[in-house]
Every structure is written in C-alpha cells, then in structure tokens.
Amino acid sequence: MLLRHAKAEPAGGVDDVLRPLALNGRRQAGRVGAALAHSALVPELVLCSSALRTRQTWELLAANLGDVGPEVVVTDTLYAAGVKDVVDLVHGADSRVRTLLVIGHEPTMAATAAHLAAPGSDSGALAQVRVGVPTATYSVLESLTPWSEWTDGVADLTYVGRPAS
C-alpha cells in the first residue's frame, strides 16, 4: 500500500519537514487506520518518511489497527523521494513480509502506484493515481512477485481509498 500523509498545517510557519498534521488530518489518519483494519490490510512493515506529518499519520493510523506491532522504518529518503527511490526501498523488504505500507508525499505516492500498476488494474483506481491523490489516500497493489523484483507493471492496482474527511 502507498499512502499519502493526512492533511498538514499550511506551509510557512516552520520548515516543511516539521509541519504537523492539521486537526482534520488527525481525524483523517484515524479513519485510514480504521479502514485498513476493516479491510484486513494490516501492515507487517511500514516505510515512513521522516517528515513530522507522515510520522504523525502513522501514529494515529496505527492506534486504530489493534494490537499489531509491525516493523517501522522511518527514513529521510522518502521525504524527497522519486518513484525509483520508493521502488528501491520496497526492494529491501524481507520476502516474508506479505503486507507493506509506504507513507510518503505527493506527487510520488500516486506516481509510484501508476508506475507499478499492471495492465488490467482497476481502471478507476488507475485514473485516480495518474492525476494524483488527495491527502490520506491509499493505493492497494497486489502481486505474488517478491519485493526484490518489483518494477513497472508488476502489480494489480486494485483499490484507491480515501476515508471521508
């Protein structure tokens, strides 16, 4: 899964990397967690940008997942990542991990979903990621291919979700 962080406070008051979630973003993050839990999309590994808003998104999301204890890797790489950077990070996931969550920023999260989407992916979901996604939106990609072999067109993009704001 690729998740764009929840709604952050406007830019300007602090360095961009230190922008916290807005009140609405806090609610969004909780709803994403509840939606993932309801859909049994509980991650075993989380790759999270080091930006404050992405870390807060994970913390609030995780509070709605129940008693899970996924490995969480916070990385500066995801803050200014391009598609290749995200795919390279995914390549490093242990082959035993079945569900992986990447929490990052736009336009990279949507662009990565579009890049990884195989022909035959859900057309509505593909149309959405091709134009970009709003805050607190997650893309679900499915593949039997080992993480180390993920490349363009490797996975079925099955769903793009955004719990009500």
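User: What makes the positive and negative charges of the protein chain count as having separate mean positions?

Analyst: In this predicted model, the chain carries 13 positive and 17 negative charges. Averaging the places of each kind gives two mean positions, and these lie 9 Å apart.

User: How do you know whether the chain agrees with a compact globule?

Analyst: Good one! For 165 residues, a compact globule would have a radius of gyration near 15 Å, and the protein chain has 15 Å, so the two agree. The C-alpha atoms fill a box of roughly 40 × 35 × 30 Å along the principal axes.

User: What share of the residues is called buried, and what makes a residue buried?

Analyst: A residue is buried when its relative accessible area is under 20%. Of the 165 residues in the chain, 47% are buried.

User: Why is one set of residues called a nonpolar core?

Analyst: The name fits because its members are buried residues of types such as Ala, Val and Leu, joined through side-chain atoms within 4.5 Å. The largest such core has 28 residues, and Leu100, Val102, Val129, Leu141 and Leu157 touch the most other members. Strands S2, S4 and S6 and helices H3, H4 and H5 each supply at least two of its residues. H4 gives the largest share, four residues.

User: Which residues does Val129 touch?

Analyst: Leaving out residues up to four places away in sequence, Val129 touches Ala110, Ala111, Ala113, Ala114, Ser139, Leu157 and Val160. There is also a second, separate core of 19 residues, including Leu21, Trp58, Leu61 and Ile103.

Notes. Residues numbered from 1 in each chain as written. Predicted model: local features only at pLDDT ≥ 70, side-chain atom pairs only at ≥ 80, totals over all residues. Heavy atoms only, no water. Buried < 20%, exposed > 50% of the residue type's maximum accessible area, 1.4 Å probe, protein only. Contact = heavy atoms within 4.5 Å. Rg over C-alpha atoms; globule rule 2.2 N^0.38 Å. Lys, Arg positive; Asp, Glu negative; His and termini not counted. Charge placed at Lys NZ, Arg CZ, Asp CG, Glu CD.
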